[in-house]
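Thank you all for coming; please have a look at the protein on the screen, and I will then walk you through it slowly.

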Amino acid sequence: MSLYVDMQKETFNDVKINPELTEQQKKLEVMELLEEFQDVFTDVPGLTTLGEHSITLTSMDPVHSKPYPIPHAMQKVVEKELETMLSLGIIEPSTSAYASPIIIARKPNGTNRVCVDFRKLNKITVFDPQPLPLPEKIFAILEKDNYFSTFDITKGYCQIPMSENNKAYTAFVTHKGLHQFKVMRFGLVNVPACSCNI
C-alpha cells in the first residue's frame, strides 16, 4: 500500500460532526461551511503558497552515500512509491551532487514507508532553534471559546514547497537512480520549526 493517496477517497461529506449538535446547526452552520470550503477537505495533499522550506548549510561540500541494500522483495514497494510521488509532484528526477540513502520502515498497521536517511545532511544544516508553541499558552488563549474543531492535515509536510535553490540538497538515491524533493520532507532537521511558522 502506498504512503500517498493518488486518487481522492475522502471529501467534505466524510467529516465527522458532533452528534450533540441539532439538525439545524449541522445543516445551516456546519454543512454550509464545509461545502463552501470543500476543496480543502480531501485526502490528496495540496500545496501552500504561504511559505517554503529552506536549508542553510555550514559547508558547501556535498554529502552523499551509497544506497543501502534493499531486499529484492522490497524493490517493488520502492518503485511503486517513486511512481506515486512522481505523479503527485512530490519528487522529481535529480542530477544533484548530494545523495542520501533510503530505508524501508514498517508501520504499525503493517504497511511500508519509504524513508530517507538525512543524517549526513542534517549534520551540516544550520539548526533553527524556533521553539514549538507551549500547550499551556494555546489553552490559555482558547479558554473562553465555546466551539472547537480538530483537523488532521493530509501529508502536512508534503504541502509545504521546498525552496527552488535547496531542492538539490534533498536528493536521495535508490536502485532506480537519483530523485529530489519538490516539497518539505520528514527527516530534515528544521521541518518542525518551519511547519510552526507557516
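I will go from the overall layout to the strands, then to the core, and finally to a cavity.

Before that, a word on how to read what I say: this is a predicted model, in which local features need pLDDT of at least 70 and side-chain atom pairs count only at pLDDT 80 or more, while totals for chains, interfaces and linings use all residues. Residues are numbered from 1 along each chain as its sequence is written, and side-chain values use heavy atoms, with hydrogens and water left out.

Let us begin with the layout. The protein has five helices and five strands, where helices (H or I, at least four residues) and strands (E, at least two) are DSSP runs numbered from the N terminus. If you follow the sequence, their order reads α-α-β-β-β-α-α-β-β-α. Of the 198 residues in the protein, 34% are buried; by buried I mean under 20% relative accessible area, by exposed over 50%, and by partly exposed anything in between, with a 1.4 Å probe and protein chains only. As for contacts, which means heavy atoms within 4.5 Å, 77% of those between residues at least 6 apart in sequence join residues at least 24 apart.

Now the strands, two of which are said to pair if DSSP finds at least two bridges between them. Strand β2, residues 100-106, runs antiparallel to β3, and five bridges join them. The hairpin of β2 and β3 has five residues between the strands, and in this hairpin Gly110 takes a positive phi near 95 degrees. On its other listed pairing, β2 runs parallel to β4, with two bridges, and Pro101 has Val173 in β4 as its bridge partner. Val173 is also the bridge partner of Leu178 in β5, and β4 (residues 172-174) and β5 are antiparallel, joined by three bridges. A hairpin of two residues leads from β4 to β5. Finally, β5 (residues 177-181) pairs with β1 (residues 91-93) in the antiparallel sense, again over three bridges, and here Glu92 is matched with Gln180.

Which residue of β3 does Ile103 stand opposite? The residue is Cys115, and Ile103 itself lies in β2. Ile103 counts as partly exposed, because its relative accessibility is 38%. Leaving aside neighbours within four places in sequence, Ile103 is in contact with Tyr68, Arg113, Val114 and Cys115. Ile103 and Ile70 are 33 residues apart in sequence, yet their C-alpha atoms are 7.6 Å apart in space.

For contrast, please look at the loop between β1 and β2, where you will find Thr95. Is Thr95 buried or exposed? Thr95 is exposed, since its relative accessible area is 81%. The C-alpha atoms of Thr95 and Ala168 are separated by 7.9 Å, although their positions lie 73 residues apart along the chain as we count the separation.

Let us turn inward. In soluble globular proteins, nonpolar side chains tend to be buried together. A nonpolar core here is a set of buried Ala, Val, Leu, Ile, Met, Phe, Trp, Tyr and Cys residues joined through side-chain atoms within 4.5 Å. The largest such core has 27 residues, and Leu121 and Phe181 touch the most other members. The elements that give two or more residues to this core are α2 (72-88), β3 (112-116) and α5 (191-197), with α2 giving the most, namely three residues. As for β3, four of its five residues are buried, so β3 is largely enclosed by the rest of the structure. Not counting residues up to four places away in sequence, Leu121 touches Ile55, Leu57, Val63, Tyr98, Tyr169 and Leu188.Last comes the cavity. A cavity is a set of points on a 1 Å grid over the protein atoms alone where a 1.4 Å probe fits but cannot get out, and its lining residues have an atom within 4 Å of a point. The structure holds one cavity of 30 Å³ or more. Among the residues lining the largest cavity are Leu121, Leu188 and Asn190.

How values were computed:
On a 1 Å grid over the protein atoms alone, a cavity is a set of points where a 1.4 Å probe fits but cannot get out, and a pocket is an open set with protein on both sides within 12 Å along at least five of seven lines; lining residues have an atom within 4 Å of a point. Grid points are joined across faces, edges and corners, and a volume is the space filled by probe spheres set on the points.
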